Amino acid sequence: MIGAVRVIMHVRVGSLVSDSDQIRPLLRWLFAHDLPKAVVITCAHSELKRSPRGVQIISWSDCLSTAPIGLPAQLLALGIEHVSVESCALESVDSTEKIQQWIELTPSLVSQFEGFDRFLRSGDAVLTCGAIALPRRVLLGLSVAEKPPYSFVGDDVDRTVRALELLREQGRLSASSALNRSLGGHRLGITTCTACGVCVRACPHDALEIIDAGTSSTVVHHRGRCRGEERCVSLCPEKGIWIQGDIELRDLLEHEVAELRVVNTTACEKCGARHPVDEGQYCKVCQFKARSPFGSITLGHN
């Protein structure tokens, strides 16, 4: 990686989990208890309430079409052997497509639910996403003996990427499995750049970074943090950032960090701010102040 002299960074808002995230409490609950061998995911319309020992029924709070693409992968990465999914009782086309996406993303590890054989002893009660309490250990202030196999910190995309990486390392998932699946971010390109840092400050997820090294400044894109909000595109003073396409799993697993643009820069002799070499000894702000000490003209006025 580039030797960094100065790095423009901000708090990673994307690492804070919102109240609407239903998966993190589920993962925390499962890991704090004895993990089931298998899981059956159902929608809110399901009438499935009993399962055999070793099988946990997880009810999504709505139609399965609203569930995140990474739900089964995150469950499997905990150590669960298999996930099956019950078709929506309302025969929703969208939920059918979501089930197919899950199967394609984690083939052989996720399948369509085909019912249970006869059993005498029932497993644990159904876990309903969005209504899962804190594990008793957490309420009592006790720590779990072991660390989870991957961190639950972050939003759904963060956890999905970590889960898929773990499954690939374990050999449970093919290296080429569904690598064209999009998780919501954008692949960016830059045609014009002054290394001003507006895009870095504009991104609420700290997906962009400027690294200064010697006589150059490099704009770096952390693709795993991008959520496709496009504030960097709309707020760029040079209108030089454009969207190349969607970020795919292939990008996140193989090329998570991308160098977008290298700008020849120097430090302003007055304020020290980095700016393009061809602008001269002073940055644009200091040039403006020199021309108009009372601020009577706008920046860029000749």
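This report describes a predicted protein model, from its overall make-up to its sheet, its pocket and its cavities.

## Basis of the description

Because the model is predicted, local features are given only where pLDDT is at least 70 and side-chain atom pairs only at pLDDT 80 or more, while totals for chains, interfaces and linings use all residues. Residues are numbered from 1 along each chain as its sequence is written, and side-chain values rest on heavy atoms, with hydrogens and water left out.

## Overall make-up

The protein contains nine helices and twelve strands; these elements are DSSP runs numbered from the N terminus, with helices being H or I runs of at least four residues and strands E runs of at least two. Of its 302 residues, 45% count as buried, where buried means under 20% relative accessible area, exposed means over 50%, and partly exposed lies in between, with a 1.4 Å probe and protein chains only.

The accessible surface comes to about 16100 Å², and carbon and sulfur atoms hold 51% of that area; such areas come from the Shrake-Rupley method with a 1.4 Å probe, and for residues only the protein chains shown count as cover. Among contacts with a separation of 6 or more, 72% are made by residues 24 or more positions apart, a contact being a case of heavy atoms within 4.5 Å.

## An open parallel sheet

Five strands form an open sheet in the order β5-β4-β2-β3-β6, with parallel pairing; two strands pair if DSSP finds at least two bridges between them. Strands β5 (110–112) and β6 (127–128) stand at the edges, and because each has a single partner strand, one side of each is left without a neighbour in the sheet. The parallel strands β3 and β6 are joined by two bridges, and I58 has L127 of β6 as its bridge partner.

Helix α1 includes L26, a residue that is buried, with a relative accessible area of 0%. Apart from neighbours within four places in sequence, L26 is in contact with I58, L71, L75, L127, C129 and I132, so that the list includes both I58 and L127, the residues that are bridge partners. The C-alpha atoms of L26 and A131 are 9.2 Å apart in space, although the two residues are 105 residues apart in sequence.

## The second largest pocket

The second largest pocket holds about 280 Å³ of space. On a 1 Å grid over the protein atoms alone, a pocket is an open set of points with protein on both sides within 12 Å along at least five of seven lines, a cavity is a set of points where a 1.4 Å probe fits but cannot get out, and lining residues have an atom within 4 Å of a point. Grid points are joined across faces, edges and corners, and a volume is the space filled by probe spheres set on the points.

This pocket is lined by 15 residues, and D34, L35, P36, Q56 and D124 lie nearest its centre. The elements that give two or more residues to this lining are α1 (23–32) and β3 (55–59). By class, the lining has eight nonpolar, four polar and three charged residues, with Ala, Val, Leu, Ile, Met, Phe, Trp, Tyr, Cys and Pro counted as nonpolar, Asp, Glu, Lys and Arg as charged, and the others, Gly among them, as polar.

## Two enclosed cavities

A search of the whole structure finds two cavities of 30 Å³ or more. The largest cavity has a volume of about 140 Å³, and of its 18 lining residues C203, C226, E229, E230 and C232 are the closest to its centre. Both β7 (182–190) and α7 (231–235) supply at least two residues of this lining, with α7 giving the most, at three residues. The lining of the largest cavity comprises nine nonpolar, four polar and five charged residues.

The second largest cavity holds about 90 Å³ of space, and 15 residues line it, with C193, C196, C199, C236 and I241 nearest its centre. Its lining divides into eleven nonpolar residues, three polar and one charged.

## Individual residues to look at

Two residues other than glycine have a positive phi: A195, with a value near 55°, and K239, with a value near 50°. A195 lies in the loop between β7 and α6 (198–202) and is buried, at 4% relative accessible area, whereas K239, in the loop between α7 and β10 (241–248), counts as exposed at 60%.

In helix α8 (residues 249–254), L249 is buried, with a relative accessible area of 1%. L249 and G224 are 25 residues apart in sequence, and their C-alpha atoms are 9.3 Å apart in space.
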